[in-house]
Amino acid sequence: ATLGDYYLYPLKERTTIAHAQTKQVSFLDVQKVPARKAYQYNVGWLASTDQAQSAKSVIKFSSSRNGGLGDALPAGTVRFYMRDKKGDPQFIGESRIGHTPMGSALALATGDAFDVKVKSTVEKRERLSANKWRTTMRYTLTNARAQNVTVDLVQSGLEWGWSDTRIVSESLKSTRVNANATEWNVPVPANGEASVTAIFETRY
C-alpha cells in the first residue's frame, strides 16, 4: 500500500522502537517458494564485445500470490544462502532491488559465472530507407563447465524514444519479455559452445 509518496509494509506483529533506534523485525516468512538457479546475460542494443563476458549466476522467482512470495517487497538488499553438505547455511551472494509489486518476476544476480561466457557481435547494419534499419546480431556462448548449462540470453533496447524494433529472423525461437527486451533460452554443451543469430528491423 502507499501513503502519498511513501510505501507501507504492514507488520503481522506489534513492535516498538525507541527514538533514533535501528531495529530488525521479521517482515515475510515464506517456506518452499519455487525458485531456480540460472545463468543470464543481458546485451545492450548494438553492443559488440571484443572479449567474451561472464554471464551472471542468478536466482529466478516470483513475488506473485500463487506460486511465489505472495507479497510486495520493499527496496533493499536480498541475500542468498545455500546449505552445505553439513546442512549449515553459506552466504552465496546478494542483490539490491527497488520497491517490487506483488506479481513481479525477479532475476537476482548472486555473482559472475566465470566459466560461462557470452560474446555479442554486430555482424551487419544496413539502412533500408530513411527511417528503417536492419541489424544482424551474432551471440557466441561458451561453457567451460563439465555439465550442460542453459543461458537465458536477453537482448534489450528494442524500444526507445520513437523507435520500434522487431525480429524478422532468428536461429532459435525467442520470447518477448516486454516491449524493450526479448530472451533466448540457449542450451550450451559441457566444455562446448553454441551460437544464436538474429536479424532485427528498426523503424524510427
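Let's start at asparagine 191: with a relative accessibility of 59%, this residue counts as exposed, because anything over 50% falls in that class. Keep in mind that we're looking at a predicted model here. Asparagine 191 sits in the loop between strand 12 (181–188) and strand 13 (192–203). Its backbone has a twist worth noting too: phi is near 50 degrees, a positive value in a residue other than glycine.

Alanine 20 makes a good companion to that residue. You'll find alanine 20 in the loop between strand 2 (6–7) and strand 3. Phi is positive for alanine 20 as well, at about 65 degrees, although this residue is not a glycine. And at 75% relative accessibility, alanine 20 counts as exposed.

Now for the whole chain. How many helices and strands does the protein chain have? The count is 0 helices and 13 strands. The radius of gyration is 21 Å, well over the 17 Å that the globule rule gives for 204 residues, so the protein chain is more spread out than a compact globule. Measure off the C-alpha trace along its principal axes and you get spans of about 65 × 50 × 30 Å.

What about the inside and the outside? Of the 204 residues in the protein chain, 32% count as buried. The accessible surface adds up to about 13,200 Å², and carbon and sulfur atoms own 50% of that. As for charge, the protein chain carries 27 positive and 19 negative charges, and the mean positions of these two groups are 1 Å apart. Contacts reach along the sequence too: take those between residues at least 6 apart, and 65% of them join residues at least 24 apart.

Strand 3 is a handy place to see how strands pair up. On one side of the story is strand 4 (residues 53–62), which runs antiparallel to strand 3 (residues 35–43) and is joined to it by 6 bridges. Within that pairing, alanine 35 stands opposite phenylalanine 61 of strand 4. Strand 3 also pairs with strand 9 (residues 149–156), this time parallel, through 5 bridges. There, glutamine 40 has aspartate 152 in strand 9 as its bridge partner.

Two residues inside strands round out the tour. Glutamine 90 belongs to strand 6 (residues 89–97), and threonine 165 to strand 10 (residues 164–170). Is threonine 165 buried or exposed? At 1% relative accessibility, threonine 165 counts as buried. Leaving out neighbours within four places in sequence, threonine 165 is in contact with Trp45, Leu158, Arg176, Phe200, Glu201 and Thr202.

Glutamine 90, by contrast, counts as partly exposed at 40% relative accessibility. Setting aside residues up to four places away in sequence, glutamine 90 touches Phe80, Tyr81, Met82 and Asp84. Glutamine 90 and phenylalanine 80 are 10 residues apart in sequence, and their C-alpha atoms are 8.4 Å apart in space.

Here are the four residues with their accessibility side by side.

| Residue | Relative accessibility | Class |
|---|---|---|
| Alanine 20 | 75% | exposed |
| Asparagine 191 | 59% | exposed |
| Glutamine 90 | 40% | partly exposed |
| Threonine 165 | 1% | buried |

Conventions. Residues are numbered from 1 along each chain as its sequence is written. This is a predicted model: local features need pLDDT of at least 70, side-chain atom pairs count only at pLDDT 80 or more; totals for chains, interfaces and linings use all residues. Side-chain values use heavy atoms; hydrogens and water are left out. Two strands pair if DSSP finds at least two bridges between them. Helices (H or I, at least four residues) and strands (E, at least two) are DSSP runs, numbered from the N terminus. The radius of gyration is taken over C-alpha atoms; the globule rule is 2.2 Å times the number of residues to the power 0.38. Buried means under 20% relative accessible area, exposed over 50%, partly exposed in between (1.4 Å probe, protein chains only). Contact means heavy atoms within 4.5 Å. Accessible areas come from the Shrake-Rupley method with a 1.4 Å probe; for residues, only the protein chains shown count as cover. Lys and Arg count as positive and Asp and Glu as negative; His and the chain ends are not counted. The place of a charge is taken as NZ of Lys, CZ of Arg, CG of Asp or CD of Glu.
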